[in-house]
Amino acid sequence: MAGKTEAETADTVGLTINPLELPRRHQLGLLGLVAFAVLPLAAPVEAIGFISSLTVLQVTGALFFAVYVMTWDVVSGYTGEISFGHALFIGVGAYTSGMLNVHIGLPLVASIPAGVIAASLAGLLIGFPSLRVKGPYFSLITLVTPIILLRVFVYFSDVTGGETGLFGIGTISLDPVTNYYVAFALFVFALAVFLAITRSDAGQILTAIREDEDAVVSVGLNPAKYKLFAFVLSGAIGGLGGALYVHTYAQGVATPSETLGLVLSIELIVATILGGIGTITGAAIGGLFFFLVRTWLRNVEVTIPVLAVPVSELYFLIFGLITLGFLFFLPEGLVPRVLMEAKRLRGRSAADAQPDGGGEP
Amino acid sequence: MVNAANLAVNVLLLGALYSLVAIGFTLIFGVGGVLNLAHGASITLGAYSAYYVTQAGASIWIGAVAAFGLPALFSYGMYKGMIRKVAGHPITVLILTLVAGLVIEQVFLVVAGTQPLAIPALVDGQTQLLERGVENNRIVAFVLSWLIIGALFYFVTRTKQGKAILAISMSHKGAALVGIDADNVYAYTWLIAGALAGIAGLFLASFLTANPLMGRNPLLLSFAIVVLGGLGSIRGSVIGAYLIALMDQVTVTMISTRLSGVTALVVLVVVLLVRPEGLFGRELAE
């Protein structure tokens, strides 16, 4: 490992002075980031050998996905207003930037910010009902909004590309390594922003809103302001992610299933539940893990004997069943549980026990 | 004229079917405050039960019994096995029903594949109605749907068990005070809801076809229906079902089939924002 200097460059949170003095879990997190930073240099990646089909391209996709998952977590995991249609923000960002680029010929430097602005507005638009409509009713609104948008897209398919998607959008680069670093930069940026915000007073208030909104009002704070802030922030970064995704990883193609579909929204929730709801690092790790395992499952060529169905078709079923298991037996998610267990182990034995598996995958 | 007659027949029939789906959905919400996102899975389950029974060589009427019974058991099992255990966490319940519904869809995708499957009609032949031929199958489905809705009305307003459902959806504490076992009422409400959705699934599959994702659209429509009619209100659900069916059919015939379902969803969002208690609902309890 390249050591301290690498760690400091990779860590843009800017809170650290000496990585050696940090708690063990933060050291592991930094180490994980460093590993991601040097990953393309360590080609052939197969040498790492934990998943043989793992490539730079797949990790790029995983980094984007992890960003999406974090944007869901910062709204729904923290404020408790469960959004079933988070892909809306990603789709709005991706399609705004894509359509402006294709139809008007706007360069990417202008179209990407436009996508971010449009997605922030979408965040505002979804955020406002959350002030009035609570709990399951709000979830219903978030569930149907992307479906309405998708139907409208299909209706105006000459402009939007309909269900097959919008093709021929400009790209930042076609080089996998450059794209990897775009995704990595976005990942670190999103992680830093979300960690900073959720560890600040605003983050405390968001958590307080989830626990008891009346209590927040009673101390003279306006929950509406904080909720809208979370929605706009989440929309903006989700939109940025969606736009960059289309201009890099997706190679200039925006499809509903990859940026807007219901399945994507659900996958974000599933990944957060696995990683740990209401914890940004848990969401990031859950997102990376989910995407890579999904990719791996899709490439498995084993066929289930009795049903004669390849495992690759079963990935969503498998994740669905795992999620049901998590909801029952591990509702707080993997990362918080591992950290807690590690703490417990260390507390029990004087010998400083090694937290196992607490780092990034 | 033919167009209008066509529209009227479609709306009459679809309204009855949507009512079946929406009543189950709204009953579950009324008693337990649970939005059952796995309700669409009961529809699919009903259609596929009937399909497999007829494939095994039995008559479609035996298939109809299966379409009634299996989703009821599934729905009952879901309450007893899952929902009851996490009842205190509304967010978990919501995600749980969603994931459970998706798992059922995936199971049918894997076992039966994506291709649409045909189910034999309950009865053959056509009848002249409003200057146009209407399949007897549709008429039977319409009559059966209304018989079931009528029976349900009777059950809920006249029998002790049915009144218990109403009592619980009005006030949990009040119901507990007069000795109603809430858990028991929840359980048979889920059972009834599953059966209603299953039979709707059978009808839908016998007019069109069965496919693993067939439960999604009716589920989305029933969101709109129950929100429009007022969550927890049976009468509101029936009226809402007819309103939504009318709006949807008008959109499809006048504008484009590609906009099928969009009007309903727009209505849903608008009603939630403007009048969240719906046309016939009580004030939200939350």
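## How chains A and B meet, and how their helices pack

Not one salt bridge links chain B to chain A: the count between them is zero. This is a predicted model, so let us see what the interface looks like in it.

**The interface**

In polar terms, the two chains share one residue pair in polar contact, with both residues at pLDDT 80 or more. Which elements of chain B give two or more residues to the side that touches chain A? They are helix 4 (90–112), helix 9 (216–229) and helix 11 (262–274) of chain B. Helix 4 of chain B gives the most, with 14 residues. By class, the side of chain B that touches chain A has 33 nonpolar, seven polar and four charged residues.

The contact count runs to 44 residues of chain B and 35 residues of chain A. Between them the chains bury about 3,600 Å², and 83% of that area is on carbon and sulfur atoms. Three residues stand out here: I95(B), V110(B) and R258(B) supply 16% of the area that chain B buries against chain A, more than any other three residues.

**R151(A), seen from chain A**

R151(A) sits in helix 6 (residues 135–155) of chain A. Which residues does R151(A) contact, leaving aside its neighbours within four places in sequence? They are N217(B), L220(B), R258(B), L259(B), S260(B), G261(B) and V262(B). Within its own chain, R151(A) is 25 residues along from P176(A), and the C-alpha atoms of the two are separated by 33 Å.

**Two helix pairs**

Here are two helix pairs, one from each chain.

| Helix pair | Closest approach of axes | Crossing angle |
|---|---|---|
| Helix 8 (176–198) and helix 14 (280–299) of chain A | within 9 Å | roughly 155° |
| Helix 6 (160–170) and helix 8 (182–207) of chain B | within 10 Å | roughly 105° |

With an angle over 145 degrees counting as roughly antiparallel, helix 8 and helix 14 of chain A are therefore roughly antiparallel to each other. On the helix 8 side of chain A, the contact is made by F187(A), L191(A), F194(A), L195(A) and T198(A), which meet I280(A), T281(A), A284(A) and L288(A) in helix 14 of chain A. That contact has seven nonpolar, two polar and no charged residues.

The pair in chain B falls in the 65 to 115 degree range that counts as roughly perpendicular, so helix 6 and helix 8 of chain B are roughly perpendicular to each other. Helix 6 of chain B brings Q161(B), G162(B), A164(B), I165(B) and I168(B) to this contact, while helix 8 of chain B brings A182(B), V185(B), Y186(B), Y188(B), T189(B) and I192(B). These residues divide into eight nonpolar, three polar and no charged.

**Salt bridges**

Over all chains, the structure holds nine salt bridges. Side chains of opposite charge can pair when their charged atoms come close. One of the nine joins the side chains of K227(A) and E81(A), at 2.8 Å from N to O. What does this pair tie together? K227(A) lies in helix 11 (residues 223–247) of chain A, and E81(A) in the loop between helix 3 (56–79) and helix 4 (87–104) of chain A, so the pair ties together parts that are 146 residues apart in sequence.

Methods. Residues numbered from 1 in each chain as written. Chains lettered and ligands numbered in written order. Predicted model: local features only at pLDDT ≥ 70, side-chain atom pairs only at ≥ 80, totals over all residues. Heavy atoms only, no water. Contact = heavy atoms within 4.5 Å. Buried area = accessible area lost by both parts, 1.4 Å probe. Salt bridge = Lys/Arg side-chain N within 4 Å of Asp/Glu carboxyl O. Polar contact = N/O pair within 3.5 Å; in protein donor to acceptor, adjacent residues only side chain to side chain. Helix = DSSP H or I, 4+ residues; strand = E, 2+ residues; numbered from the N terminus. Nonpolar A, V, L, I, M, F, W, Y, C, P; charged D, E, K, R; others polar. Axes fitted to C-alpha atoms, helices over the stretch in contact; angles between N-to-C directions. Parallel < 35°, antiparallel > 145°, perpendicular 65-115°, else oblique.
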